[in-house]
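Me: I'm new to this structure and would love a close look at one part of it. Could you take one chain and walk me through it step by step, in plain words?

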Amino acid sequence: MLLLTCPYCGVEGEETEFHNGGEAHLKRVGDGSSDADFTAYMFERKNPRGIVFERWRHVYGCGKWFHAARCAVTLEVFGTYSAQTSEPPADLIAKIRAKRPEWEATP
Amino acid sequence: MSFRLPELGLLIDRDRPLTFTFNGVPVQGFRGDTIASALMAADHRMVGRSFKFHRPRGIVASGAEEPNALMNMGEGARFEPNQRATTTEVFNGLTARSQNHWPSLGFDVGAVNNRLARFFPAGFYYKTFMKPAWAWKHLFEPFIRKSAGLGQAPTVRDADRYEYFYAYVDILVIGGGVAGLEAALEAGRSGARVLLLEQSAYFGGRFMVDDVSVDGRDGPAHIAHLLAQIEALPNVTLRARCQGAGVFDHGYALGYERLTDHAPANNTPRHRLWRIRARRILTATGALERPLSFAGNDIPGVMLAGTVRDYIRLYGVAPGARMVVVTNNDDAYRTALTLHAAGLEIPAIIDARPEGGGALAEQARALGLRIETGKGVARVNGKTRVKSVEVCRQSGTGGAVETIPCDGLAMSGGFSPVVHLWSHCGGKLAWDGANAMFVPDLARPPTNQNGEGFVIPAGSAFGALQTEACIQSAVVAARQAADEVGRSIKEEAAPRAVRRISEHPMAPIWHMPARAPYRLRAQSFLDFQNDVKVSDIDLAAREGFESVEHTKRYTTLGMATDQGKLSNINGLAVLAGALDAEIPTVGTTTFRPPYTPISLGAIAGEAAGPLFKPTRKTAIDGWHESHGAIFEPVADWRRPYAYPQAGESTQGAITREILATRGAVGLFDASTLGKIIVKGPDAGRFLDLIYTNMMSTLKPGKCRYGLMCNENGFVMDDGVVARLDDDTFLCHTTTGGAERIHAHMEEWLQTEWWDLKVFTANLTEQFTQIAVVGPRARHVLEALGGVDVSREALPFMGVTGGKLGGIDARIFRISFSGELSFEVAVPTSQGLLMWNLLLQAGAAHGITPYGTEALHVMRAEKGFVVVGDETDGTVTPHDLGMGWAVSKKKKDFIGKRGMQRSFLTARGRKQLVGLRTLSDTEKLPECAHAVEGGKAIGHVTSTYFSPTLGHPIAMALIRGGRARMGEVLDFPVGGKVHKARVVDPVFYDKEGARQNV
Amino acid sequence: MSDLLSFSEIDGSGEVLVAMQRRVPMVTLKAEPTKPTRAAIKRALGTPVPAPRTIANGVAWMAPDEWLIMVPEGQTPQAVIGRLTAEIKAPMLAVDVSDARAVFTLKGNKAREVLAKGAPVDLSPTAFTPGDFRRTRLGQVAVAFWMEAEDEITLVCFASLKQFMFDWLVNAAQKSSLPAFL
C-alpha cells in the first residue's frame, strides 16, 4: 500500500486516504475536434512499464487534486506536485533523469 | 509412548493443571501447554488424517510450520476449523476435534484411499475427471466437493469481536528470538521507535532449548537478560502472540495479534490486526528445520529433531521413550544429547554423512551413544505409531542392514531460513551451497517509496545459523536500520562472548537412501498435508513439468494451509534431481502473505454487525422508525420505503400514500438529496460547463431542472438548480450523487478550469428538506404562515425564503410528482420540528407521509426519469428524449463533444418510451427484455402499478423506440410472454395542469 | 467537559469516555489565501489564520483555501459570516455548517488509541500533539480531529453519521481493548 505526500497539506498519508485519477497531463479536446483526437483524449493511455505521471486526490484529507511521478514497476515515488500545471516541474524531471538515466520518455 | 517427564518444562506451570477435551475425551494439561504438548503428554500420537489418502498423522513440529495437527476448535459461535494444535495454548474448557475423517479418527472410511494410493498419482484429478463433460457437474464436482477441505465451515455467526490498530514506528522487528531481541535492544539504544512482534507466547525461540552460552549465561538466562534491558527502554515495545504476518509496499506490515485464543475474555477483542508502517523492517524470523524423506516418514512418532527438544525442554514432554535420531547435519546431535539428559533411550543416531559430525557428535560418542555414519532410513514400520526403523546404507537402494525397535524418530534435513517476509514485497534470494539453503540476497532487497531497501534480515533468517554469527548479524542489522532512519549509533556494540562449537558441514541429502526404488519413493512424503510424495515429483518431471510453479500446481506440493513450510525446499531439491538441474536454476515458488492463515475476523476488523457499513440517517429518521416505516438503503442512507399501518400490506400502504397525495396532500422527507452551494463571480459560467443546459441565464429567485453528463456524453446526474443571488447557486443532486457530484465539480475546478473564481460547499446535511405535495399543499403552508406562497408570490420553479411557522426556511416550488408541490428546507437541527409542524398544520387536510416507492410511482406516472433506473452509464439525454435539456447555444460543456460521436447519434439507439400492458392487472417484471425476431431490442427500466390510473405502467429503453409508438412488444419472462404497447412515457396530466395552480 | 448539558449522549463504560456534543456552531470559509485576504480574516475573527494542519483559537486549517471556524460563545454563525463578508474583498464563500456536522469528545489518557483503531495516522505523543489538526478517515467515515489537551480529543464528522460514529467510538473504547501502545 503506497505512501504519498499531498503537496497541498503536506500530509504523508497511506493510499486509503487518496483516490487515483489516472494519467496526468491529458489535454482536453472539445467541440470541433476530430474523432481521432477525441478518442485519444478519452481513451488512449500511455501505461508505460516504468515512470508514470498520474493524478491523485487527497479525498479523505484536504480534498485537493495533485500529481505524482511514480515508477509503476518498483513503486518508487519521485515526487508529487500541483495539479494546476500542464507539465511536470523541471526539477522533478531532472531528479528522475538522475535516478533513471535510461529513462527516455517524456510525460 | 510419549509422556510427561517428571521435570523440565520452561513454559508450563505444574501448579496450574487444567482440562480440555479432544474428540470429546478429557485431556489433562498445564497452564502454558499447547494442545500439541498436552496431547503428546497424554500419548495421543495420532491427531488427524491426511487430506488425500486419509493416512494417520501425528505431530511433526512445535510451531507455525506444523502440517498435520490441525483441529476443529471450539463450538457453536466460537467454532473455527484448521487451527494448529502446536500454536494453540490450552485453557480450561477448550474443545478440540480432529479433522478429515468419518466416522472417527481411529476408524475412517476414507482411509481406503490409502490402499488405492497407486491409483491417485499427481494430476489424478486432471487426468480422471475429463470426460464425459456432463459428468463434471453431476458426478465429479459433487464428489470432489464432498471430499475436499480439512476442517468444517462454521455454520453460525462469530460471537467474537475483532479490531485494527494503526501503528507507526521507525523500526519493526519481526521475530522475538535471540536475533530479534538483540536487534531490538541495539536499535532501541539509538532512540528510534521500535516495535517487536513475536508470534508465540514466549520470547527466546531456539535459545530456550539449545545449549548455548553467551557472556557466561545459558540461553534462557541470556534471553531474560535481554528482556530486562529492553524493559528499561521506553521507546521499544514487545508484543507476544503477535505474528508479523506480511510485509507490503512502502514499509507497510501486518501484525496478527491473538489476544484471547489462550484465555477467553468477554470484553477483549479476540484478534487485533496491527496495520504497521515502519521505515525499516528487520526480519528476525529464524529458520525452519527440514524433514528428510524416506519411506514411512509420515507415521505418527516421526518428528523434526529440533521439535523434540522443544517438547522436552519447554513442556517437559518426552515424545518417545526410545527414539532414533536421523540426520544429515550436526544440529540433530543436540536432540540426542537432550534426550539423553532427560533420561530417555537413544538406540542409535543415524548420520547420513560418511564422515559423521563434529564436536557435538564427539560429546554423544563420549556418552556412549551409538552413531551409525553413512547410513540412512530405508523404511519406518508402524501404522498409527512408530514401531521400528529399518536402517540401510545411504548410498544404496534400501536393503536393510538392521531393524531397530523404537517408538519415535527424530529427523533433521538441515535448515531453511524463514525468508518469507523478506520475499513478500519482492526481496530476492541467493543460494547458499554450503548449507543447501536459500538466503536473502542483500543486493536485491524490497524497495520503498524512495527506492531504498527497507527490509533487513537478521539472525538465522539471514542464514547465520551459528550462535555467534546469529547475534552479530542482528546487531549489524539493527545498526544499519538505526543509521537509515537517522539515528546512527556512535558507540561500538557491546561484544558478546559466545561459546563456539565446531560443527561439520551438513550434507545436502534430501532422500534416503540415495538410490531408493519407486517402491520406497512412493511412500516417502514431501508434503504431509496434501499427501505429495517423492514419486509424484518424479512423475511430474517425467511428464515434462520443468517449472517449479507448474510442478507445484500439478502435484499440489506446498498448496495446503501450511503453504509448504516443510515441503517446498525438499520438493524443489527432488525436482532438481529429477531434472538433473541445480537447485538455484529451478528457482523457488513465490512467498505470499500472510505467513500463516489469519482469521477472516481480523481482516474484517470492527466492521461487522451494526458497524459493518456506515448508515446515514436524516433528522426525521427516528420519526419514520417509530411510525412503522419500512426502510430501503439508498447510497449509504436509509430512507422510508413506505409506512404500512397496522394490518396494511406494503402495497396497500403505497397505494394509500399515492392516492392521499394526489387527492389532498402528502409529506416526504427529501433531505437526502444532495445540496451543493456553488458561489463566485464565475459560478454561472462554471455551471454552464457542468450542466448540459444553460444555467448562467437563470434569474435569482428562480429554479431550473439541470441535467449533467460525463465527458463521454452519458447522463450522470440530475437535479434542480436554484439561483439564490447573483453569484450563488444551490445545485440539488440525486441522493447517491451528492459526494460524487461535489467531487466532480471540484475535479474540474481544480484540474481544468482553475482560473474560474468559484467555490463549492456540500451542504447536504446542513438542511432537512421536506416536500409538501398535493392539491392542498398550499393550504398547509399557509396554515403555518410567515411566508407568502401564493401563486403570484411563489410561482412554479420559484424559490423564496422566510420564517415559516417561526423557523428559518427556504421554500422551493418544484415538483417531482406533477402535483402542486413545495420543498421546505430548514437547518437540520430544526428538521424534526418542521416535520411535526407540517403534520400538525396538515392534519385538517389529511396530510399523509409517503415513502420512496410512492415517490417513484408518482414520478413514473409523469414520465420523469430517475438516474440509475432509466440510465445505466450508457444513456445520452437524447436517448431519454431530453434533447430539450441540451443547450445548442453553449460553445462547450462536459459531454458536448462526446455525445456528437457517430454511434451516439446513429439511428436505432435505444430510446425511452412508456409501456402499457395489454392486461390491466399484469405488471411487467422488473428489467424484462423486449424480444423481437429472437433478438433483444431493449429492456424495462421502471415498472409499477399506478393506483392513480388503475393499471400498470412501465418505462423502457427500446431500439428506435420513439418511432414505434403503438406497436405491441413481447417481453418473455420465465416461459410466459408479457405483451405491452409502446406509448408516450408521460401517463398522467400531460399538459401539467395540476402543478400549475 | 464540565458542562454535561452540552452532550446529547455519553458513554463512559469504556476506558475512554465518549460523548456526543449537542450543536456546535461553526462556519466553513473558503477563499484564496492571499495576504490581503488573510489580513481580512484576522480582522473579522480577531485571530490570525492558523498554520497548515493546525487549529488555533477555534479556527482550523482545512485546506490551503478553506478554514473551519468554531463560532465563539455568545456569537452566531450569521454574525461571523457577516463580518467575514464585510472584510474579505476577494471572492469567497462563508456558510453555516453547524447542522451539517456531528462533534464528539473523547476523554481519557488513552483517547489516542481509540482513534488509532481506525485512522491511518501516526498518533504517537511525539507525532500528534494539542494544536495539531488532522483530516482523515476513521474506519469508513471521513473525519477531522484535534487534541484539546493530552487527554481530550475532539472529532468532527458529517451529521447523518452521528449515531454510527458514536457507536463506532463506544465500541472502540471498550474496556480491556486498548493495546497500551501509544
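Reply: Here is a walk through chain B, with a short glance at chain A at the end.

Please keep in mind that this is a predicted model. A good place to begin is the way chain B is divided up. Its parts are domain 1 (1-158), domain 2 (162-288 + 417-484), domain 3 (291-413), domain 4 (518-581), domain 5 (669-850) and domain 6 (907-983). Domain 1 and domain 4 of chain B are in contact, and each of them gives 14 residues to that contact. On the side of domain 1 of chain B that touches domain 4 of chain B, you will find seven nonpolar, four polar and three charged residues.

Now let's go to the start of the chain. Strand β2 of chain B covers residues 13-22, and strand β3 of chain B covers residues 25-31; the two run antiparallel and are paired over seven bridges. One of the places to look is B:P17, whose bridge partner in β3(B) is B:F30. Together β2(B) and β3(B) make a hairpin, with two residues between the strands. In that turn sits B:N23, which has a positive phi of about 50 degrees. β2(B) also pairs with strand β8 of chain B (residues 95-98), here in the parallel sense and over two bridges. To find this pairing on screen, look for B:F22, which stands opposite B:A96 in β8(B).

Next comes the interior. The largest nonpolar core holds 376 residues, and the two that touch the most other members are B:L282 and B:V772. As for elements, strand β9 of chain B (residues 162-174) gives the most to this core, namely eleven residues. You can pick out B:V772 and look around it: setting aside neighbours within four places in sequence, its contacts include B:V665, B:L667, B:A777, B:V780 and B:L781. Further along the sequence, B:V772 is also in contact with B:S821, B:F822, B:V824 and B:L838.

Chain B also meets chain C: 35 residues of chain B are in contact with 39 residues of chain C. On the chain B side, the elements giving two or more residues are β9, β36 (674-679) and β40 (759-762). The largest share of that side, six residues, belongs to β9(B), the strand that also gives the most to the core. Sorted by class, the side of chain B that touches chain C has 17 nonpolar, nine polar and nine charged residues.

For a spot of another kind, move on to B:G966, in the loop between β49 (951-959) and β50 (968-973) of chain B. B:G966 counts as exposed because it has 7 C-beta neighbours inside 10 Å, and the cut-off for exposed is 12 or fewer. Leaving out residues up to four places away in sequence, B:G966 touches B:R981 and B:V982. The C-alpha atoms of B:G966 and B:V982 are 5.2 Å apart, although 16 residues separate the two along the chain.

Finally, here is the glance at chain A. Chain A has two helices and six strands, and from the N terminus on they follow the order β-β-β-α-β-β-β-α. Along the principal axes, its C-alpha atoms fill a box of roughly 40 × 35 × 25 Å. Chain A has 107 residues, of which 36% count as buried. Among the contacts in chain A between residues at least 6 apart in sequence, 48% join residues at least 24 apart.

Terms used
Residues are numbered from 1 along each chain as its sequence is written. Chains are lettered from A and ligands numbered from 1 in the order in which they are written. This is a predicted model: local features need pLDDT of at least 70, side-chain atom pairs count only at pLDDT 80 or more; totals for chains, interfaces and linings use all residues. Two strands pair if DSSP finds at least two bridges between them. Helices (H or I, at least four residues) and strands (E, at least two) are DSSP runs, numbered from the N terminus. A nonpolar core is a set of buried Ala, Val, Leu, Ile, Met, Phe, Trp, Tyr and Cys residues joined through C-beta atoms within 7 Å. A residue is buried if 20 or more other C-beta atoms lie within 10 Å of its own, exposed if 12 or fewer, and partly exposed in between; C-beta atoms are placed from the backbone. Two residues are in contact if their C-beta atoms, placed from the backbone, lie within 7 Å. Domain bounds come from an automatic or database domain assignment. Ala, Val, Leu, Ile, Met, Phe, Trp, Tyr, Cys and Pro count as nonpolar, Asp, Glu, Lys and Arg as charged, and the others, Gly among them, as polar.
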